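I opened this notebook to record what I looked up, entry by entry.

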Amino acid sequence: MNGPSRRAVLGAGFAAAAGTLGGCAGGAGPVRRLRLATGPEGGPYNAFGKALALAVGASDLPLEIIPVSTAASVNNLRSLDEGSAELALAMADTAEDAVLGLDSFSRPTAVTALARVYVNYTHLVVPADGPVRAVTDLAGRPVAAGATGSGVRVVAQRVLRAAGPADERPLGLAASVTALREGTVDALFWSGGVPTPALAALAREVPLRFLPLDAYVGPLRARYAPVYTTVTLPAGVYGLRDPVGTIGVGNYLLARTDVQEGVVRDLLRVVFDRWRDLLREVTAGARLEPRFAISTGQVPLHPGAAAYYRSVYG
């Protein structure tokens, strides 16, 4: 939990949000269809969204989740703001930027958090026999820095800003992997679960080096937000002989403020009942627990989420 203010909010409760998407929950009434902005096909957000749609569909809730493919975090938050999606996944740093109206967002965005669902690991990947041995070697070199509108692009730009300007290429994961394999970029950034299948496949084809980024966690926390943490790519994954320290960023399941409280409570019951299924294709070894899920920093909890967590804590 995030200190006294968050505990006070949970203890005090919330007033009901205006329910433009409201309706009966828990097995009666018309089916509510909620669009969930996820990420590109084949990516972890898209996998999570499809798994959540299946889990909700297998429940007795009058609720349907419709996953929508997107470029991910930044685009997803804009979709919530514009009303083209009711739910979204986004990285914690981008979500806080949206709430505070910083960087990619010209004004504060009214979004709420349902849960912090898992942690992204930042991957900085280079050919093992290439000239890049450290982040500072990337200055002036072509780097696949994440698709426009994605959360990985935010992290990549912040790291590169601290390390020195590179020739940033706005490429998604599939295009980044192809570019690194073909030698048209000298490095790629990726932020996702471990292992990421596309990178695991690349590591079986091409000798790779994963550069440590843990030295950048402190400067990122000081300049931007405490959402950045030190995590470790473990030995064995991607064929690594030794662990590699890197940057961790949480992922939030978010909602518009006008999604009805009862819908959110029921949705979270499914999330916590089926978290193993939801995370199986996303990141290995992750667990979802309420005390972890409630840590959403500057992003306020949805009233329905607060009610759910109060019921868990008693």
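The entries below cover conventions, the nonpolar cores, one helix and the salt bridges.

Entry 1, conventions. I am working from a predicted model, in which local features need pLDDT of at least 70 and side-chain atom pairs count only at pLDDT 80 or more, while totals for chains, interfaces and linings use all residues. I number residues from 1 along each chain as its sequence is written, and side-chain values use heavy atoms, with hydrogens and water left out.

Entry 2, cores. I looked up the largest nonpolar core (buried Ala, Val, Leu, Ile, Met, Phe, Trp, Tyr and Cys residues joined through side-chain atoms within 4.5 Å) and found 85 residues, of which L138, F189 and Y309 touch the most other members. Strand β4, residues 111-127, gives this core its largest share, 8 residues; helices (H or I, at least four residues) and strands (E, at least two) are DSSP runs numbered from the N terminus. Another core, of 23 residues, lies apart from it and includes A144, V237, Y238 and V244.

Entry 3, helix α7. I noted that L199, A200 and L202 are buried in α7, residues 197-205, where buried means under 20% relative accessible area, exposed over 50% and partly exposed in between, with a 1.4 Å probe and protein chains only. These buried residues lie on the same side of α7 because they cover an arc of only 160° around the axis, the arc being that of the directions from the helix axis to the C-beta atoms. The face turned away from the buried side carries the exposed residues P197 and R204. Among the elements covering the buried residues of α7 are β4, α6 (173-182), β7 (187-192) and β8 (208-210), with contact taken as heavy atoms within 4.5 Å.

Entry 4, salt bridges. I counted 16 salt bridges in the structure, each a side-chain nitrogen of Lys or Arg within 4 Å of a carboxyl oxygen of Asp or Glu. R158 and D103 meet in one of them, at 2.6 Å from N to O. R158 lies in helix α5 (residues 151-163) and D103 in the loop between α4 (92-100) and β4, so this pair ties together parts that are 55 residues apart in sequence. Which of the two is buried and which exposed? R158 counts as buried at 3% relative accessibility, whereas D103 is exposed at 54%.

Entry 5, a further pair. R280 forms a salt bridge with D277, the closest N and O atoms being 3.0 Å apart; R280 is exposed, with a relative accessible area of 54%, and D277 is partly exposed, at 26%. I also noted that salt bridges sharing partners join D97, D103 and R158 into one network.
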